[in-house]
Amino acid sequence: MCKQSNRMKRTYTEILIPVVLLCISSCVRMQQYAAVDESLNTFPDYSDIIIPPNIAPLNFHIGRDRQECMARFVAGRDSFDVYCRNSVVIPIRKWKKLLKDNPGKRLAIRPFIREASGWVKYRDITLDIASEAIDPYIAYRLIEPGYEFWGKMGIYQRCLETFDETPVLLNTMTDGSCMNCHSFCKNDPRKMLLHVRAAHSGTILNNSGQLAKLDTQTPDHVSAAVYPRWHPGGRYIAFSTNKTSQAFHSANHNLVEVYDSASDLMIYDTETQSVFTHPLIHSSDRFETFPEWSPDGKSLYFCSAPAVEMPDHYDSLRYDLFRVDFDPQTGKIGNRTDTVLQPSKTGKSIAFPRISPDGRHMVVCLSGYGTFPVWHRDNDLYLLHVETGGLTPASELNSAESDSYHSWSTNGRWIVFSSRRMDGLYTRPYIACFDSCGRFHKPFLLPQKNPLFYDGFLKSYNVPEFVSGRIETGIRALERIVRGDATGVRAAKNNQ
Amino acid sequence: MPLVACFLLSGFVVWWYLFLNRHLCLFYREQSQMFLFSREYFWQYLEQPGGITAYAASFLTQFFYYPVAGAGIYLLIFLGLYRIFKQVLNEFSLFGRSFIATLIPGMLFLPASINLQFDLADELSVIFALSGFILLTKMIRNRFYYVFVPLAISVFYILVGGNVALILILFIFYPFVKQQKDAWKQIPAAILSLSIPAALWYFFYLTSFKDTCTALTPFRYPDAHWADGRMIAWLSIIVVPVAGMLLKNVKAGRKWMLSCNIGLILILPVTVLKLYSPDTGNIVKMGYDAENGNWESMIHTGKETSVGPLNCFYTNLALQETGQLAEKMFCYDQIGTPGLILDMQDNFSCQAKSELFYRLGLVNEAQHYAYESMVGYASVKEPNVRNLKRLLECAVIRQDSALSAKYEKILDKTLFYKDYAKRRGAKYPPAIVMKDMFIRDMSVALASILEDNPGNQAVFEYLMAYYLLEREYEKAKSCYDRYFPNFSYPRIPVHYAEFLMLYKRINKLDDSFYALYPVSRDIRERFEMMDILVSSEMDRQIQKALEEGYKDTYWFYVRFPLVSVQTVKQDEKNIY
């Protein structure tokens with residue numbers, strides 16, 4: 001018995017030791033390497049960017065298949081190595097610690113690839129870790145960038161500190177309805193709204209946990225509420241009402257034309273549950289759309305263009321940026337409009353004005369013509385200095401494809417925008433740092449656990465909005481509200 | 001005897017799928033999905049009850065790429081259902097001497113499967129559900145019984161979705177049929193079992209309550225009704241045992257049972273064939289042929305298919321591609337412009353429209369409809385190979401290299417479409433040169449394209465066909481006058497000549513008309529004969545005479561259109 005046991009032990013030892021040695025030798029740690037002065041074509045490209053200290057690991061693909069690689073992450077005195085094949089998947093704890101311990105410092109990623117001749121070190125990928133954190137969540141709609149019809153879609157929230165993505169509302173729960181225009185009051189997850197179209201249509205309002213479904217269609221307006229902006233005080237919500245249509249280009253680089261044949265603005269008062277407007281923002285001879293509040297809540301910005309016959313003159317329609325005064329105490333709209341920007345004079349049209357939380361800067365979309373620039377390949381982001389009125393292209397952010405919908409972080413140091421730059425069709429969220437000197441830095445693609453995730457993903461990220469925390473409203477609660485009856489809003493007298 | 005019957009019916013099943021319904025059950029189903037070996041793809045299936053079965057079905061369906069493998073898979077599923085249903089009946093001690101009854105559900109799934117909205121998972125989930133029932137019957141009634149049963153039901157709910165109802169119904173019946181003691185105790189166990197799936201629905205499956213209950217059952221299809229093949233097949237799982245219970249006490253001799261069995265063997269395939277309608281399969285076949293340029297086959301199939309927009313559409317496309325549109329269009333049933341351009345009705349018609357625009361060189365429109373077909377309808381379960389291939393082709397023609405690379409990468413992840421772009425070769429129809437416009441009226445768009453491309457015969461013929469179908473005589477005449485000389489027709493094509501005769505008659509033109517439009521004597525004589533018949537005011541006889549001698553003419557279409565032609569108002573000029 002004892003002899004047998006010894007023999008077994010010996011056999012195990014004879015088998016195990018070589019196996020263990022083999023395993024060790026097969027995952028040889030890099031000790032010697034040759035350095036080449038070449039950059040590795042990684043995807044996504046994370047070189048020379050500035051990242052927030054609370055961002056999820058920036059996993060990346062080394063650009064080559066079936067090749068063993070190693071990445072050394074060095075920041076300050078801290079470092080760690082990641083061995084992998086094809087894709088560098090960073091351990092989240094090590095990453096978080098590295099970023100947390102080294103805010104304001106430079107992070108170097110040293111890529112090594114095991115080639116036939118041995119380990120080869122490529123040029124460092126360097127990036128800077130900012131001191132200012134980014135909002136922990138973004139919310140977006142995932143939808144196929146289709147034409148007339150839609151299939152499955154949903155509004156999701158994604159934690160930027162991890163890779164967790166959870167649905168806020170899905171149309172698989174609401175009989176296939178369309179849902180869009182999710183919006184937050186100063187990025188507050190407890191103050192949110194979204195629209196539901198087709199089945200169970202209405203505006204779903206979450207006002208500090210109080211859920212309501214509103215029917216915002218009134219006889220005075222061309223449609224129910226469309227593009228929303230919450231007043232910073234939280235009481236009012238400015239909406240555009242748009243008679244929107246789509247047309248499809250038969251021979252154009254732009255595929256789809258979304259246009260308004262009528263549009264106005266209205267303001268919803270959450271306290272009185274009524275809407276009001278003013279002739280300055282609601283006129284039949286002009287198209288008013290895309291409202292935006294100043295951070296102090298005393299100005300309402302909006303885009304406006306002279307009304308033309310649509311779609312016949314779709315390519316001559318150009319919007320300018322205007323501003324009216326607003327008194328948050330009384331809800332009164334001022335009696336004159338100020339022209340803030342007139343890009344129409346230089347053959348451009350403005351859309352989606354978004355003002356920074358400090359009120360000093362505004363990011364806008366400029367394209368050659370039209371209402372909805374998201375489908376325009378020439379559409380770019382521009383930075384407006386509110387005080388001086390100076391407008392400069394945000395060259396660091398722009399690409400040859402449409403760079404459009406954008407949102408400021410709560411601290412104004414980060415911007416997220418959607419861009420079609422990867423393939424010209426599917427919008428992807430990009431994040432960029434906006435420094436205290438008022439400059440944008442190179443944007444980076446929203447990191448995913450699988451760095452090649454976007455390659456196979458056939459949905460677009462619509463309307464990425466920063467959110468300062470997790471949206472806690474339960475999905476079933478939202479479903480119940482969507483399926484319930486809508487409360488009609490009262491049309492108050494025009495607020496002149 | 002059972003072995004022989006099984007063998008014969010297996011042959012019938014293979015014939016059904018491999019020859020009779022090859023295009024619908026194999027080609028269409030395989031092309032309507034895109035199985036990917038990726039974590040994301042797997043997870044998207046898990047998000048619905050029965051997702052694992054649906055995933056397994058999707059995995060198997062990709063092998064339909066090889067029709068023989070597809071027929072083999074269907075056969076295995078048929079035999080699997082037979083085997084498991086036999087065991088269920090054995091558990092109930094039913095139909096011990098009528099083995100054919102055990103084949104009924106499997107046979108009924110054959111006509112169920114020729115519905116475009118059928119999914120392999122529908123049948124596979126029934127097999128798994130019946131296996132679940134067998135498993136439950138084996139559970140020992142100990143003190144954990146009321147824990148194990150709900151747990152098992154929950155697991156099967158995750159596996160087979162709404163088909164868990166089959167398990168529950170059989171599970172409740174079972175002790176009563178077996179006359180077990182405490183049979184009623186099964187009912188609370190079954191009811192208790194529903195709580196976990198309900199909790200799963202509330203907290204895990206983010207779908208509507210209805211969708212969660214009906215997952216993988218025929219009730220999930222919006223178009224399903226009680227007389228639907230899918231519904232009949234599904235209900236047979238319950239109806240056959242219930243019928244067995246009712247007939248259990250009927251005493252029958254050996255000879256009588258034998259004749260019953262033989263009768264069933266004969267009746268079943270006949271019933272299945274009765275339920276068979278070739279139209280959908282033929283339309284799918286025409287779609288397949290259109291993609292592969294089998295134009296003659298399309299025309300042939302069109303003749304064997306009931307008149308409808310898709311049939312007319314594909315026939316006209318094939319006629320145009322073979323240069324016969326102007327000569328033979330009205331030899332086939334025409335239903336107006338919806339049979340030429342097609343309205344958007346579902347993902348299938350969108351795909352068909354995409355095919356037409358692709359062939360005409362309208363790449364943006366081809367891309368538009370391929371995309372619409374892929375994502376615009378809830379009945380489409382996922383982005384599919386068929387549309388993605390077309391989108392890839394459009395992206396290549398549009399020189400959207402990044403987009404085409406993306407689609408290529410996705411196709412590379414599939415088992416059978418790796419290197420599709422390379423295998424396809426570099427032959428792409430060129431994009432037509434045209435002014436940019438928003439296409440709202442197809443005739444306006446075709447006219448504009450023709451203006452830019454006066455030598456494009458396909459566009460010319462489509463525009464002429466459009467005008468002729470709409471009876472827009474003036475527009476047809478002016479289009480003919482302007483563009484016809486650009487093409488090298490050896491003579492005036494038959495239908496154009498017929499139209500010109502009609503035009504001459506309507507406008508009361510004299511014979512100098514023939515100097516400009518040399519219509520053949522034969523056509524002139526035929527027209528004059530018809531004109532006499534029409535003017536004789538003997539309606540019934542006119543119709544009969546026209547039907548006999550003029551059915552293949554444009555005049556017959558004008559006189560007796562299958563659908564009302566909407567755009568042109570009737571006036572004294574439009575005498576026909």
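Colleague: How many residues of chain A are in contact with chain B, and with how many residues there?

Modeller: This is a predicted model, so treat every value as computed from it. In the model, 44 residues of chain A are in contact with 37 residues of chain B. The two chains bury about 3400 Å² between them. Carbon and sulfur atoms hold 54% of that area.

Colleague: Which residues of chain A lose the most area to chain B?

Modeller: A:Phe149, A:Ser250 and A:Arg476. Together they account for 21% of what the chain A side buries.

Colleague: How should I read the confidence of chain A, and what is its mean pLDDT?

Modeller: Where pLDDT is low, predicted coordinates should not be read in detail. For chain A the mean is 91, and 93% of the residues reach 70 or more. Residues 21–26 of chain A are another matter: pLDDT stays under 50 there. That stretch has two contacts beyond four places in sequence.

Colleague: Now chain B. How many helices and strands are in it?

Modeller: Chain B has 31 helices and zero strands. Its C-alpha trace spans about 100 × 60 × 40 Å along the principal axes. Of its 576 residues, 55% are buried. The accessible surface of chain B is about 25400 Å², with 61% of it on carbon and sulfur atoms.

Colleague: How do contacts in chain B spread along the sequence?

Modeller: Take the contacts between residues at least 6 apart in sequence. In chain B, 70% of these join residues at least 24 apart.

Colleague: Back to chain A and its sheets. What is the strand order in the sheet that holds strand 13?

Modeller: The order is 13-14-15-16-34, an open sheet of five strands with mixed pairing. Strand 13 (178–185) and strand 34 (487–488) of chain A are the edges, each pairing on one side only. Inside the sheet, strand 15 (residues 202–207) and strand 16 (residues 210–215) of chain A run antiparallel, joined by five bridges. To find one of them, start at A:Leu205: its bridge partner in strand 16 is A:Ala212.

Colleague: Which strands does helix 4 of chain A lie across?

Modeller: Helix 4 (residues 475–483) of chain A lies across strand 14 (188–197), strand 15 and strand 16. It runs at about 30° to strand 16 of chain A.

Colleague: Why is one side of strand 17 of chain A left without a neighbour in the sheet?

Modeller: Start with the order. Another open sheet of five strands in chain A reads 17-18-19-20-35, with mixed pairing. Strand 17 (225–230) and strand 35 (490–491) of chain A stand at its edges with a single partner strand each, so one side of each has no neighbour in the sheet. Strand 17 pairs with strand 18 (residues 236–248) of chain A in the antiparallel sense, over four bridges. One pair to look up is A:Arg229 with A:Ala238 in strand 18.

Colleague: Is strand 22 of chain A mostly covered or mostly open, and what flanks it?

Modeller: In a regular strand, side chains alternate between the two faces of the sheet. Strand 22 (residues 299–306) of chain A is mostly covered, with seven of its eight residues buried. Strand 21 (residues 286–293) of chain A pairs with strand 22 in the antiparallel sense over six bridges. There, A:Arg286 has A:Pro306 as its bridge partner. Strand 23 (residues 320–327) of chain A also pairs with strand 22 in the antiparallel sense, over six bridges. A:Cys303 has its bridge partner in strand 23, A:Leu321.

Colleague: Which residue takes a positive phi in the hairpin of strand 21 and strand 22 of chain A?

Modeller: A:Gly297, with phi near 75°. The hairpin has five residues between the strands.

Definitions and conventions. Residues numbered from 1 in each chain as written. Chains lettered and ligands numbered in written order. Predicted model: local features only at pLDDT ≥ 70, side-chain atom pairs only at ≥ 80, totals over all residues. Heavy atoms only, no water. Pairing = 2+ DSSP bridges. Helix = DSSP H or I, 4+ residues; strand = E, 2+ residues; numbered from the N terminus. Contact = heavy atoms within 4.5 Å. Axes fitted to C-alpha atoms, helices over the stretch in contact; angles between N-to-C directions. pLDDT = per-residue confidence, 0-100. Buried < 20%, exposed > 50% of the residue type's maximum accessible area, 1.4 Å probe, protein only. Areas by Shrake-Rupley, 256 points an atom, 1.4 Å probe, with all protein chains shown as cover. Buried area = accessible area lost by both parts, 1.4 Å probe.
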